[in-house]
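Student: Could you take me through a single part of this model in close detail? I would like to know how one helix sits among its neighbours, and then what holds the surroundings together.

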Amino acid sequence: MATSAAPAPQRAGIDDPPGTTEHENRSAAADPASGATGDDTAGRATAVAPDLGADRSGLAPPRARVERHRPAWVSLPLRFVLPALIIAAWWIGSATGALSPQVLAGPPKVWSALLELARNGQLTDFALASFTRAALGVALGVAVGMALGLLAGLSSLGEELVDSTLQIVRAVPFLALVPLFIAWFGIDELYKVLLIAVATVAPMYAYTYLGVRNVDRKMVEAARGFGLTGVRLVAEVILPAALPGVLMALRVCLSISITGLIAAEQVGTTEGVGYLVTLAQEYNRTDYMVLCVVLYALLGLVFDGAVRLVERLAMPWRRQVAMR
């Protein structure tokens, strides 16, 4: 009489649904025809369980991202540590006589010159005049440079038309154009604004061009798939993607504008920080010379602070990259 072979018990695996192993163990123990005792089945389950437990214990639980921000009362003084040390060394050097007043005036004399200009109202007038010239020149140069950078970055025809000319402008020092600009535009405000604009147009073009060319092509194709074309594609996809390069260009242009402002205000000017530099040279007033350097530095800090504010508003994710 032929006997039917008992079905072999199935081994519990990782892909089995929860409770399958326990259910099969109970079935095997209750079925006498299976040929397997409850002890054997329990032994198999025990042999598998430690492996699963070891795998689970080896995985580290995910950690939530926690942003750590340095308190403002700690971060703000850190920004002034190095300037404070420089001013302290300057003050000590002038007080001890290591720095001659004819070479470099001390902080007390510079402060006295600042108060003198503030009392007669010239400080406000000179600073406002210089700021206006720099702002107008940077605005014109940034607008032209960004437009040409977009044209060359988005179109191969545009690149062929403007790239060689802009590379020539970038290679020519803008200070060499001062005599020509005076002959062409005179010594009025137009000459000063145009000189600053020419100084800033080349960096803005270069950074904008590189920023547009580095935009991911797949992102542009995906935007076109959603129906974005023309001006909307540039304004809503390409420019935001190229924004880090554009803001870096703006920072470089603002720094260069200070140099252009110094060169522009040396000729035909009756107000401005550059005019104050000329007066200080004529009368050999080192305190006014140092004061002009401080004013230019403060103007640069204002420009840099404005760019930082734009970066914080336009690209808030950049703060998460820096290590605190």
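Tutor: Happy to: here is a walk around helix H5, followed by the nonpolar patch and the salt bridges.

A word on the basis before we start. This is a predicted model, in which local features need pLDDT of at least 70 and side-chain atom pairs count only at pLDDT 80 or more, while totals for chains, interfaces and linings use all residues. Residues are numbered from 1 along each chain as its sequence is written, and side-chain values use heavy atoms, with hydrogens and water left out.

Let's begin with the length of H5. Helices here are DSSP runs of H or I with at least four residues, numbered from the N terminus. H5 covers residues 107-120, and its 14 residues should span 20 Å at 1.5 Å a residue, which agrees with the 20 Å between its end C-alpha atoms. The expected span is 1.5 Å times one less than the number of residues.

Now for its two sides. Pro 107, Val 110, Ala 113 and Leu 117 of H5 are buried. These residues are on the same side of H5 because they cover an arc of only 125 degrees around the axis; the arc is taken from the directions from the helix axis to the C-beta atoms. An α-helix has 3.6 residues a turn, so residues three or four places apart point the same way. Turned away from the buried side is a face that carries the exposed residues Trp 111 and Arg 119. Buried means under 20% relative accessible area, exposed over 50%, and partly exposed in between, with a 1.4 Å probe and protein chains only.

What does the buried side pack against? The partners are helix H4 (81-96), helix H6 (122-154), helix H13 (273-283) and helix H14 (286-314). After H5 comes Gly 121, with a positive phi near 85 degrees.

Three of these partners come up again. H4 gives the most to a nonpolar patch, with four residues. That surface patch is formed by Leu 78, Val 81, Leu 82, Leu 85 and Ile 86, together about 510 Å² of accessible area. Patch residues have over 30% relative accessible area and no salt bridge, with nonpolar side chains joined within 5 Å and like charges within 9 Å. Ile 86 lies in H4 and counts as exposed at 54% relative accessibility.

H6 brings us to the salt bridges, each a side-chain nitrogen of Lys or Arg within 4 Å of a carboxyl oxygen of Asp or Glu. The structure holds eight of them. In one, the side chains of Arg 133 and Glu 189 meet at 2.9 Å, N to O. Arg 133 lies in H6 and Glu 189 in helix H9 (residues 189-213), so the pair ties together parts that are 56 residues apart in sequence. Arg 133 is buried, with a relative accessible area of 4%, whereas Glu 189 is partly exposed at 39%.

H14 has a salt bridge too: the side chains of Arg 251 and Asp 304 meet at 3.3 Å, N to O. This pair links distant parts of the chain, with Arg 251 in helix H12 (residues 243-264) and Asp 304 in H14, 53 residues apart. Both belong to a network of salt bridges with Arg 308 and Glu 311.

Technical notes
Helices (H or I, at least four residues) and strands (E, at least two) are DSSP runs, numbered from the N terminus. Contact means heavy atoms within 4.5 Å. Accessible areas come from the Shrake-Rupley method with a 1.4 Å probe; for residues, only the protein chains shown count as cover.
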